[in-house]
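Trainee: Could you walk me through this one? I'd like to start with the strands.

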Amino acid sequence: MSDRLVTAMRKLLLILSACLFSGLLSANEVAVAPTVKPDGLPVLGETWLEANPYRGNPLAVSIGQTAYGQTCARCHGADASTNAAPAPDLRQLNRFCRRITDLDLKAACMRDNDAYFAKTVRHGKIIVGVTQMPPWQGVLKQELAWAIQMFIESRAMGGKE
Ligand code: HEC
């Protein structure tokens with residue numbers, strides 16, 4: 001076998017094992033749609049909004065709780081009630097906004113936070129090629145995503161800052 005062939009085969013082997021390794025790492029990270037339906041919530045359609053339209057809607061909190069349990073809990077912790085889960089404690093997401101007393105500033109902070117939440121959920125978290133969190137766009141309806149955020153916020157309000 002020529003040296004060049006051996007080098008080429010080594011490279012191929014390296015690439016193959018890299019694929020296998022990242023495949024193993026991300027084997028779990030597939031977005032699976034929840035079975036709960038957003039029945040009773042205002043229908044939002046396909047185009048994602050930038051801000052959560054369900055703030056103050058108690059139905060969104062209860063539907064969100066079920067949807068969270070079915071889709072997010074396995075990484076972010078059961079019932080959004082722990083910071084000991086493998087993925088970040090989502091109750092912390094709007095903690096800066098909660099501390100602002102000026103109402104206009106607070107509203108602006110919440111809008112930014114909503115946009116970040118939606119963007120992260122839609123596109124997932126893929127960091128140096130490893131899927132930390134799968135993208136939910138096309139799997140999770142935006143009604144359910146916003147409902148999940150309402151559930152998380154209801155947990156954050158009841159918990160410590
Ligand atoms: C396969 C595990 C997994 C599942 C399932 C999952 N996530 Fe994540 N998520 C992660 C990880 C890991 C991160 C942190 C990635 C990083 O930045 O290092 C994350 C980050 C986030 C962030 C950003 C947090 C921050 O502090 O910036 C949001 C928002 C989020 N996830 C929402 C959700 C929602 C909503 C669901 C359910 C629809 C969900 N995730 C399901 C693993 C998951």
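Mentor: In strand 2, Val130 is the residue that stands opposite Ile127. Before going on: this is a predicted model, where local features need pLDDT of at least 70, side-chain atom pairs count only at pLDDT 80 or more, and totals for chains, interfaces and linings use all residues. Residues are numbered from 1 along each chain as its sequence is written.

Trainee: In what sense do strand 1 and strand 2 pair?

Mentor: Antiparallel, over three bridges. Strands pair if DSSP finds at least two bridges between them. Strands (E, at least two residues) and helices (H or I, at least four) are DSSP runs, numbered from the N terminus.

Trainee: Which residue in the hairpin takes a positive phi?

Mentor: Val128, near 35°; the hairpin has two residues between the strands.

Trainee: Switching to the ligand. Which residues come nearest?

Mentor: Cys72, Cys75, Ala87, Gln132 and Met133, out of 21 around the ligand. Near means a C-beta atom, placed from the backbone, within 6 Å.

Trainee: Which elements each supply at least two residues of that shell?

Mentor: Helix 3 (73-76), helix 5 (103-123), strand 1 (125-127) and strand 2 (130-133).

Trainee: And what does Ala145 touch, leaving out residues up to four places away in sequence?

Mentor: Ala145 touches Ala118, Val121, Trp136 and Leu140. Contact means C-beta atoms, placed from the backbone, within 7 Å.

Notes:
Contact = placed C-beta atoms within 7 Å.
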